[in-house]
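Trainee: I'm new to this one and don't know where to begin. Could you pick a single part and walk me through it closely?

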Amino acid sequence: MKRLHVVGCPRSGTTLMIQLIATCFRNDGYYQREMSIFEEPKSGYGLFLSKKPTDIRRIKRIFEADKNLFILYMIRDPRDSMTSIHNAQPDRYFSNFRVWKECADSAKPFETNSRFITIRYETLVAEPDQVQAQLMSVFPFLEKIHDFASFEQFSGPSQRSAEAMGGLRPVSMVSIGKWRKHLPRVKAQLLLRPELADALITYGYEQDNTWQNILTEVEPDFRPGRHAEQKPFFKTYEARLRTWWKIRRYLRKLQAASASRSIP
């Protein structure tokens, strides 16, 4: 079984992407809600699709070991990502720059791997069919059945997925640059994480720091979002320990499967 797993920073277009590939490429199954890479699909699939954005922070060992695992990483302007609001929780911001940077840094080691591809959200919504062609070039096992640009005519997302996307609608550039309507949030994140300015230049979202001029008279909004600006130490330690056990179990199953195939 081949598994194509979609990852990225929260609110970077992962829900849209999983709906696009599940609708427009032939596959044997996918999970409409988030499904960790450590959750196993039922057997008998030729190609299974899944997504869990922040899995990018913990897949290094299993990605290197599992040659049937393929990763699609979504990246988005961090200002749009950290000011995006999930319809299920409209009273607070969903993500922040800390999470965005952790995901971006985690993706760097995979950039030259032939089973890994990075897709910019901005490119996806501006040129969906070109991105579809790029995916088929990198992952030749993908078989096209519909165009990305017309996916809404054939897609049937779950209610939760539709909420995450803001409703089922054609692929559109309408969400690009929405951070300009949330300047207090952007200024607060810049004050908390000054490295945001350098990241925007490094990843090609700005050429210099002149964009900060629009923040001069803005009062920062430091209200907490869904993701904490700093993780409590013990919570982080517990999460790492659970991840270590999950990785160990994954690798053991992979070794057992490999050994069974080698028995004459």
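**Inside the fold, starting from one cysteine**

Mentor: Let's start with Cys103, which is buried, at 0% relative accessibility (buried means under 20% relative accessible area, exposed over 50%, partly exposed in between, with a 1.4 Å probe and protein chains only). Keep in mind that this is a predicted model: local features need pLDDT of at least 70 and side-chain atom pairs count only at pLDDT 80 or more, while totals for chains, interfaces and linings use all residues. Residues are numbered from 1 along each chain as its sequence is written, and side-chain values use heavy atoms, with hydrogens and water left out.

You may be wondering whether that cysteine has a partner. The closest cysteine sulfur belongs to Cys9, and at 5.0 Å from the sulfur of Cys103 it is too far for a bond. A disulfide here takes a pair of cysteine sulfur atoms within 2.5 Å, and the structure holds zero of them. Cys24 is buried too, with a relative accessible area of 0%.

Now look at who touches Cys103. Setting aside neighbours within four places in sequence, Tyr73 is in contact with Cys103 and also with Val7, Gly8, Cys9, Ile56, Ala104, Ala107, Phe116, Ile117, Thr118 and Ile119 (contact means heavy atoms within 4.5 Å). Tyr73 turns up again in the largest nonpolar core, which has 37 residues: along with Ile56, Ile62, Trp100 and Phe116, Tyr73 touches the most other members. Such a core is a set of buried Ala, Val, Leu, Ile, Met, Phe, Trp, Tyr and Cys residues joined through side-chain atoms within 4.5 Å. Two or more residues of this core come from each of α2 (60-65), β4 (69-75), α4 (97-107), α8 (183-192), α9 (195-202) and α10. The biggest giver is α4, with six residues. There is also a second, separate core of 27 residues, with Leu20, Ile21, Ala22 and Met74 among them. Those α and β labels are DSSP runs numbered from the N terminus: helices are H or I with at least four residues, strands E with at least two.

Next, follow Tyr73 across to Ile117, which sits in strand β5 (residues 116-120). Ile117 is buried, at 5% relative accessible area. Apart from residues up to four places away in sequence, Ile117 touches Ile71, Leu72, Tyr73, Gln134, Leu135, Val138 and Phe139. Compare Ile117 with Met74: they are 43 residues apart in sequence, yet 8.7 Å apart in space, C-alpha to C-alpha.

Met74 leads us on to Leu124, in helix α5 (residues 121-126). Leu124 is buried, with a relative accessible area of 0%. Beyond its neighbours within four places in sequence, Leu124 is in contact with Met74, plus Leu16, Met17, Leu20, Ile119, Val131, Phe148 and Val171. Take Leu16 from that list: it is 108 residues away from Leu124 along the chain, and their C-alpha atoms are separated by 9.6 Å.

Leu16, Met17 and Leu20 are among the buried residues of α1. Eleven of the eleven residues of this helix (residues 14-24) are buried, so α1 is largely enclosed by the rest of the structure. Helix α8 gets similar treatment: seven of its ten residues are buried, so it is largely enclosed as well. Those seven are Leu183, Arg185, Val186, Lys187, Ala188, Gln189 and Leu190, and their cover includes α3 (78-82), α4 and α9. That brings us back to α4, the helix that gives the most to the largest core. As a rule of thumb, nonpolar side chains in soluble globular proteins tend to be buried together.

For contrast, step outside to a surface pair. Glu34 and Lys52 meet through their side chains in a salt bridge, 3.3 Å from N to O (the rule is a side-chain nitrogen of Lys or Arg within 4 Å of a carboxyl oxygen of Asp or Glu). Glu34 lies in the loop between β2 (29-30) and β3 (47-51) and Lys52 in the loop between β3 and α2, so the pair ties together parts 18 residues apart in sequence. Glu34 is partly exposed at 38% relative accessibility, and so is Lys52 at 22%. By this rule the count comes to 14 salt bridges.
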